[in-house]
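This report goes through the fold of one protein chain, its charged pairs, its surface and its backbone geometry. The sequence and the structure come first.

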Amino acid sequence: MNANAGALPEINVEEFQKVVRSRRSVRRFLSEPVPPEVLADCLELATLAPNSSNLQPWEFYVVQTPELKARLAEACLGQNAARTAPVLIAIVARTDTWRRHARLALEHWPEATLPPIVDKYYRKIAPIHYNRGPFGVLGTAKKAAGLVLGLARPVPRGPYSPAEMNVWATKSTALAAQNLMLALRAHGYDSCPMEGFDEYRVKKLLGIPRRGLVTMVVAAGRRAENGVYNQQYRFDQDQLVHYL
């Protein structure tokens, strides 16, 4: 029997609310390092995020070496969060690992028996669904077929192009980033997700593959007393939430 299919643990929703409500984008950090065991647990929790077809199209580049961290902070436009955090984590979406990860999904299947539908998906369906073919020819053909078949019934539409593959990988990777930030807050540490950076310099500095997409750089550490700049506010839910 699948160990994950047992009784669910009791959840203290008030504690979860405290984690979510106290998470802020912290702009200044104390110099206190994040303990290795805390960082390892947070990264593991990050990889438990839901993701498309369990292909896990993400990578994490954890930067703690002072010299490299200083250079990465410069590539992050010298933001206070990047300059003061004891650790910076570049969170990278990968559009080019799905073939290898499809094989790994079969190799790492956790149960004694591999369901035929799972085997078929990773061996036959995924190589068609995510493959764009030489010069994108297969992607174009799939898009045309989808337009025709979609007239009669619901069909998956994409990813067909490099841009759509970027979106595909980034969506899953952003979920992992949110898990990471909530895990840090649960451990008593804080974070700041940064989109303001020179991606070319970040990739060159960290040796990120050409087809890797730096989704964000997360600064992490213990918040300084002046680390939060203003009170949190959000727009009215009636403008954003639609009950149908």
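## The sheet

Val92 stands opposite Val214 in S4. The model in which this pair is found is predicted. Strand S2, residues 87-94, and S4 run antiparallel and are joined by eight bridges. S4 also pairs with S3 in the antiparallel sense, here over five bridges. One position in that pairing is Asp190, whose bridge partner in S4 is Gly221.

Taken together, four strands make up an open sheet with antiparallel pairing, and their order is S1-S2-S4-S3. Strand S1 (58-63) and strand S3 (190-194) are the edge strands, each pairing on one side only. On average, neighbouring strands of the sheet are turned by 25° against each other, direction ignored. Although S3 is an edge strand, S3 is mostly covered, with four of its five residues buried.

## Helices on the sheet

Helix H8, made of residues 162-186, packs on the sheet and touches S1, S2, S3 and S4. The direction of H8 makes about 155° with that of S2. Helix H9 (residues 199-206) lies across S1, S2 and S4 and runs at about 80° to S4.

## The chain as a whole

The protein chain has nine helices and four strands. Read from the N terminus on, the elements follow the order α-α-β-α-α-β-α-α-α-α-β-α-β. Of contacts between residues at least 6 apart in sequence, 76% join residues at least 24 apart.

The C-alpha atoms fill a box of roughly 60 × 45 × 45 Å along the principal axes. The chain has 244 residues, of which 37% count as buried. About 15,400 Å² of the chain is exposed, and carbon and sulfur atoms supply 56% of that area.

## Salt bridges

Side chains of opposite charge can pair when their charged atoms come close. The structure holds eight salt bridges. In one of them, Arg94 pairs with Glu59, and the closest N and O atoms are 2.8 Å apart. This pair links distant parts of the chain, with Arg94 in strand S2 and Glu59 in strand S1, 35 residues apart. Arg94 is buried, at a relative accessible area of 9%, whereas Glu59 is partly exposed at 22%.

Asp190 takes part in a salt bridge with Arg185, where the closest N and O atoms are 3.0 Å apart. Both Asp190 and Arg185 are buried. Asp190 forms a salt bridge with Arg223 as well, with the closest N and O atoms 2.7 Å apart. The Asp190 and Arg223 pair links distant parts of the chain: Asp190 is in strand S3 and Arg223 in the segment after S4, 33 residues apart. Asp190 counts as buried because its relative accessibility is 2%, while Arg223, at 29% relative accessibility, counts as partly exposed. Elsewhere, Glu59, Arg94 and Asp96 are joined into one network by salt bridges that share partners.

## A nonpolar surface patch

Which residues make the nonpolar surface patch of about 670 Å²? Tyr233, Phe235, Leu240, Val241 and Tyr243 make it. Val241 is placed in the segment after strand S4 (212-221). With a relative accessible area of 36%, Val241 is partly exposed. Val241 can therefore belong to the patch on this count, since 36% lies over the 30% relative accessible area asked of patch residues.

## Backbone geometry

Most residues other than glycine have a negative phi, and most peptide bonds are trans. The peptide bond from Gly158 to Pro159 is cis, with omega near 5°. Pro159 has its place in the loop between helix H7 (137-149) and H8.

Where do Gln56 and Leu77 lie? Gln56 is in the loop between helix H2 (36-46) and S1, and Leu77 is in the loop between helix H3 (66-75) and helix H4 (80-84). Phi of Gln56 is near 45°, a positive value in a residue other than glycine. Phi of Leu77 is near 65°, again positive in a residue other than glycine. Gln56 is partly exposed, with a relative accessible area of 30%, and Leu77 counts as exposed at 62% relative accessibility.

Conventions: Residues numbered from 1 in each chain as written. Predicted model: local features only at pLDDT ≥ 70, side-chain atom pairs only at ≥ 80, totals over all residues. Heavy atoms only, no water. Patch = residues over 30% accessible without salt bridge, like charges linked within 9 Å, V, L, I, M, F, W, Y side chains within 5 Å. Areas by Shrake-Rupley, 256 points an atom, 1.4 Å probe, with all protein chains shown as cover. Salt bridge = Lys/Arg side-chain N within 4 Å of Asp/Glu carboxyl O. Helix = DSSP H or I, 4+ residues; strand = E, 2+ residues; numbered from the N terminus. Buried < 20%, exposed > 50% of the residue type's maximum accessible area, 1.4 Å probe, protein only. Pairing = 2+ DSSP bridges. Axes fitted to C-alpha atoms, helices over the stretch in contact; angles between N-to-C directions. Contact = heavy atoms within 4.5 Å.
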